[in-house]
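This report covers charged side chains and pockets in one protein model. The sequence and structure come first, and the text follows.

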Amino acid sequence: MKILKISMIAGFTFIIAFNVISCKKSNNNATEATFNYFEYKGCDSTFSTVDTNNQFQNPILSGFYPDPSICRKDSDYYLVTSTFSYYPGIPIFHSNDLVNWTQIGNVLNRRSQLDIKEGVRLSGGVYAPTIRYNPHNETFYMINTLVDVLGNFVVKTKNPFENNWSDPIGLHINGIDPDIFFDDDGKGYIVHNDEPPAKPEWDGHRAIWLREFDVESDSIVGEKICIVDGGTDKAKHPIWIEAPHLYKINGYYYLMCAEGGTSIDHSEVIFRADNVKGPYISWKNNPILTQRDLPKDRKNPITCAGHADLVQTPEGDWWAVFLACRPYENNIFNTGRETFLLPVKWVDEYPVILEKEKEIPYIVDNPRHSVLNTESQTKAEGGNPLLKRNYTYREEFDGEKLPDNWLFVRTPEFLDHYSQKDGKLQLHSTEHTIYEIANPAFTGIRQAHLTFTAQTEFQFNPEQESDITGIVAYQNENHNFVFGKTIEDGVLKIVLNRAETTVARIADVEISKEFAKKPVTLKIIGNKGQYSFLYSFDNGKKWQTLAENIDAKNLSTEIAGGFTGTVIGLYTYKNPFDAKTALNPYEKGAFETQKYRNVFAEAGYPQAEIDEKLNNLFYQIFEGENKVYFEVDSTLAYISDIKNHDVRTEGMSYGMMIAVQFNRKDIFDKLWRWSVKYMQHHEGASKGYFAWSCKTDGTRNSQGAASDGELYYITSLIFASNLWGNDTGIDYLKEAQYILDCAFAKDGTGNIANFIDTTYKLITFVPDGAGSGWTDPSYHIPAFYEVWARWANDGRAEFWNACADSARAYLHKSVDSKTAINADQNNFDGSVLERIFPNGITYRNDAFRFDSWRVPMNIALDYSWSCKDKEWQQWYGKTFQNFLYSQGVKTFVDQYKMDGSKVDWILQAGNKRALRHGIGLQATAAAVSLVCEHPKSYEFITQLWNLENKPFADGYFDAYYDGLLQLFAFMHLSGNYRIIE
């Protein structure tokens with residue numbers, strides 16, 4: 001007997017490498033991933049044998065099949081569900097008995113209907129479809145919302161079996177969850193969720209609107225009417241009234257909606273009106289379906305029930321399909337929201353799907369079994385009756401194409417994304433990994449059981465470290481398992497990586513030469529919240545366990561978020577570029593050679609384009625639409641951290657360094673004068689230092705200094721002295737010496753110290769109070785002290801050279817030995833800083849966050865200019881980039897613990913608290929390529945080349961810190977961050 005099937009490819013990260021002269025695409029055809037079969041077996045204890053004459057089993061569609069909608073024509077029932085950003089979109093099922101369903105296609109099955117591109121979130125695609133049959137023109141309609149792309153639309157067909165629905169017809173209405181209704185007189189109406197008529201009065205306050213739909217022109221006509229504002233009882237502030245469906249039954253108009261949100265408080269409610277335009281009155285006995293009031297400790301619970309749709313049989317009975325979930329612990333489930341079926345009872349002329357405080361049954365007694373025509377049961381694909389819920393599904397890849405139940409993440413970029421021949425699937429790598437918001441070479445089927453096994457056999461010969469093929473369990477790009485064959489440091493391995501925001505290596509094993517070119521068989525055994533991973537080189541005759549009972553709750557909706565469920569399948573990724581040409585960092589620094597590498601040119605980018613990009617980045621900071629440089633008058637200017645509405649010594653001194661590197665004396669002088677006028681202390685214990693933060697009118701937010709500001713002020717002033725001399729209105733050298741002399745005059749008065757700790761010869765975090773007792777790794781730029789030793793002329797050259805040595809030694813101790821990442825602050829000996837606050841709470845600063853982003857670029861600068869610590873710095877660059885590489889070059893986040901694990905709490909930036917693929921960190925990670933030899937660096941460099949500082953999806957935007965670090969990094973890699981002698 002032929003059984004069910006699936007396919008997927010496991011992925012890793014993505015490298016772009018170049019020849020010294022130009023990028024060169026590699027020919028990967030000889031080493032494509034080839035899969036021999038895919039097999040999935042479900043074995044849930046709640047699925048048991050039922051009396052098919054008198055019973056049926058829920059759910060009727062197990063796995064990720066949410067938001068069901070149903071309609072009937074004659075004795076044929078059709079059902080659709082949501083797919084969000086998976087392709088093809090909106091599976092359509094057929095049945096003659098309501099219980100047994102066969103997928104007959106996908107409504108949105110070509111690019112002209114569904115074009116979900118890179119960057120669209122996984123839960124941002126097609127939501128909550130409604131399918132209806134209009135007997136007046138004998139046409140089926142499917143109305144839907146492509147949330148992040150198109151908005152609301154409708155498609156049509158005369159025959160769903162032809163699998164050729166029309167291209168989308170845009171409806172130009174707002175909101176989500178549209179429903180289409182055809183009245184007895186042939187008129188069409190659309191109801192949908194949208195914002196209330198006035199300003200929302202509480203979080204989750206929504207409304208249901210009615211629009212007339214012209215059937216002849218397929219367009220909206222007339223004014224919209226709010227028919228429900230808030231929900232069943234506005235006084236109780238109900239949330240998320242949505243998923244409306246409109247019916248006309250026995251002369252009344254019934255409006256059925258979901259309410260309470262799609263989690264454990266989900267419910268279904270009913271309204272009724274005498275006229276299609278209302279008023280719609282909530283039934284006194286709402287809700288008509290929910291599980292929210294049941295004991296949480298009940299056995300094998302079904303939760304989150306709602307989002308229902310009604311259908312009437314030819315015999316006159318009513319049934320409801322709806323979504324619900326099967327958690328295995330608390331509200332944790334990996335299978336997504338599934339489709340259930342129950343008969344509807346009518347109470348006082350209102351439909352009731354399930355009585356209050358009653359559990360949704362797994363086995364439903366059905367005395368009216370004649371409605372469920374068991375003699376005409378449809379069969380699951382491959383001949384396996386879906387009525388038997390614990391099925392085995394095996395795909396032999398012997399058809400012309402993959403079956404309709406297979407999914408891809410977003411619309412494939414190429415038509416030839418896979419091929420089938422001689423009973424094998426060949427999956428063709430895209431330029432995207434599984435960790436990107438893009439279209440990786442991954443295809444799979446839904447995990448439909450809490451307990452299951454999934455396995456595949458494949459052949460694959462990786463050539464480069466980014467190459468990987470295998471099996472993936474996928475919730476989204478940040479929550480998944482990748483289990484596959486790869487190569488690392490020239491060694492073939494089976495590896496298992498677990499992603500939960502960050503990517504962690506769970507286990508790996510070296511493949512012996514005996515099995516190097518043999519097919520690999522991989523198996524996942526899922527048991528609720530724990531998965532085990534096994535491998536074999538003889539097609540499963542002898543299994544070896546790589547990892548057992550690994551926490552798989554990262555695949556749950558509760559942890560991963562979003563609206564989808566786990567998809568298990570096949571994945572491959574191959575580096576699309578040759579990666580055999582290593583970088584060649586200089587062996588001597590610019591202090592000795594006066595030479596600077598132009599890495600962009602080495603990578604093949606034209607010099608004219610390099611210059612254009614560099615000048616454009618400068619323009620963005622100082623003149624562009626989102627500039628951070630503002631002139632007060634002809635003599636004063638400031639750089640503002642716009643998101644925090646202040647002026648900081650960090651930005652002011654950075655701006656001066658950029659200005660002197662670009663030979664912009666006008667900008668330099670204006671920034672310096674503003675700093676002196678508003679930020680510099682001219683008397684008192686802090687004399688010579690700068691208040692680290694001011695308002696844009698010069699009012700100080702803080703009197704204290706931040707030592708990195710002084711560091712950059714002094715170095716940029718020395719460069720200005722060397723470049724422009726000291727007789728053009730500002731004696732730059734004298735100003736630098738004044739800051740240094742003031743620092744060495746500090747004797748502890750007013751609790752103010754030297755910003756350089758003279759015992760450790762290390763820069764302090766701040767030179768006042770307790771902050772002078774520790775440091776910040778991102779302040780350490782040893783080569784700056786060498787600049788001071790050469791040109792400060794303050795009589796301390798020997799001390800400054802010693803400070804450079806101390807800073808290098810300190811950096812060795814401050815970074816993690818496995819990840820090379822550091823904390824934002826730590827002790828002078830490099831150990832983790834712990835602070836005890838007056839309330840007794842101990843704060844342990846062991847996280848890599850915004851300040852820390854600067855460390856890789858600072859090390860690159862020291863290497864480029866001095867090259868006195870090259871062996872360690874090359875270790876650092878390789879280790880640091882390798883860590884980010886393991887997290888996904890296009891997906892690594894901006895905060896980690898030092899060991900590379902997920903932070904316990906997220907440090908807020910501006911008014912936003914989120915982990916992001918930080919612009920500034922992307923920039924500095926690329927800049928450290930100056931010290932690296934491995935070809936992986938080319939991908940970081942390419943990412944910087946293509947980097948755009950623009951708002952994130954949540955609106956977060958930082959033109960200041962991100963923009964400045966982006967410019968600095970581009971200066972480094974283009975050879976334009978130089979010692980000015």
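In this predicted model, a polar side-chain atom of Glu259 lies 2.9 Å from the backbone nitrogen of Thr232. Glu259 belongs to strand E18 (residues 252-259). Glu259 is buried but has no salt bridge. The nearest side chain of opposite charge is that of Arg292, 5.2 Å away, whereas a salt bridge requires a side-chain nitrogen of Lys or Arg within 4 Å of a carboxyl oxygen of Asp or Glu.

Elsewhere, charged side chains do pair: the whole structure holds 53 salt bridges. The table gives three of them, with the distance between N and O atoms.

| Salt bridge | N to O distance |
|---|---|
| Lys234 and Glu201 | 3.2 Å |
| Glu349 and Arg272 | 3.5 Å |
| Asp404 and Lys401 | 3.4 Å |

Lys234 sits in the loop between strands E16 (219-229) and E17 (242-249), and Glu201 in the loop between strands E14 (188-194) and E15 (207-214), so their salt bridge ties together parts 33 residues apart in sequence. Lys234 is partly exposed, at 32% relative accessible area.

For the pair of Glu349 and Arg272, the parts tied together are 77 residues apart in sequence, because Glu349 lies in the loop between strands E25 (345-347) and E26 (350-352) and Arg272 lies in strand E19 (residues 267-273). Glu349 is partly exposed, with a relative accessible area of 47%, while Arg272 is buried, with 15%. Asp404 counts as partly exposed, at 21% relative accessibility.

Salt bridges also form a network that links Glu786, Arg790, Asp805, Arg808, Asp862 and Lys868.

Turning to the pockets, the largest has about 1,800 Å³ of space. It is lined by 43 residues, and those closest to its centre are Gly119, Ile437, Lys890, His917 and Phe952. Strand E34 (468-476), helix H13 (919-927) and helix H14 (937-946) each supply at least two lining residues. H14 gives the most, four residues. The lining of the largest pocket comprises 15 nonpolar, 17 polar and 11 charged residues.

The second largest pocket has about 1,000 Å³ of space. Its lining counts 41 residues, with Glu488, Asn882, Phe883, Ser886 and Lys936 nearest the centre. At least two lining residues each come from strands E35 (479-488), E36 (491-500) and E37 (502-510) and from helix H12 (870-887). H12 supplies the largest share, eight residues. By class, the lining of the second largest pocket has 12 nonpolar, 14 polar and 15 charged residues.

Conventions:
Residues are numbered from 1 along each chain as its sequence is written. This is a predicted model: local features need pLDDT of at least 70, side-chain atom pairs count only at pLDDT 80 or more; totals for chains, interfaces and linings use all residues. Side-chain values use heavy atoms; hydrogens and water are left out. On a 1 Å grid over the protein atoms alone, a cavity is a set of points where a 1.4 Å probe fits but cannot get out, and a pocket is an open set with protein on both sides within 12 Å along at least five of seven lines; lining residues have an atom within 4 Å of a point. Grid points are joined across faces, edges and corners, and a volume is the space filled by probe spheres set on the points. Ala, Val, Leu, Ile, Met, Phe, Trp, Tyr, Cys and Pro count as nonpolar, Asp, Glu, Lys and Arg as charged, and the others, Gly among them, as polar. Buried means under 20% relative accessible area, exposed over 50%, partly exposed in between (1.4 Å probe, protein chains only). Lys and Arg count as positive and Asp and Glu as negative; His and the chain ends are not counted. A polar contact is a pair of N or O atoms within 3.5 Å; within protein, one must be able to donate a hydrogen and the other to accept it, and residues adjacent in sequence count only if both atoms are side-chain atoms.
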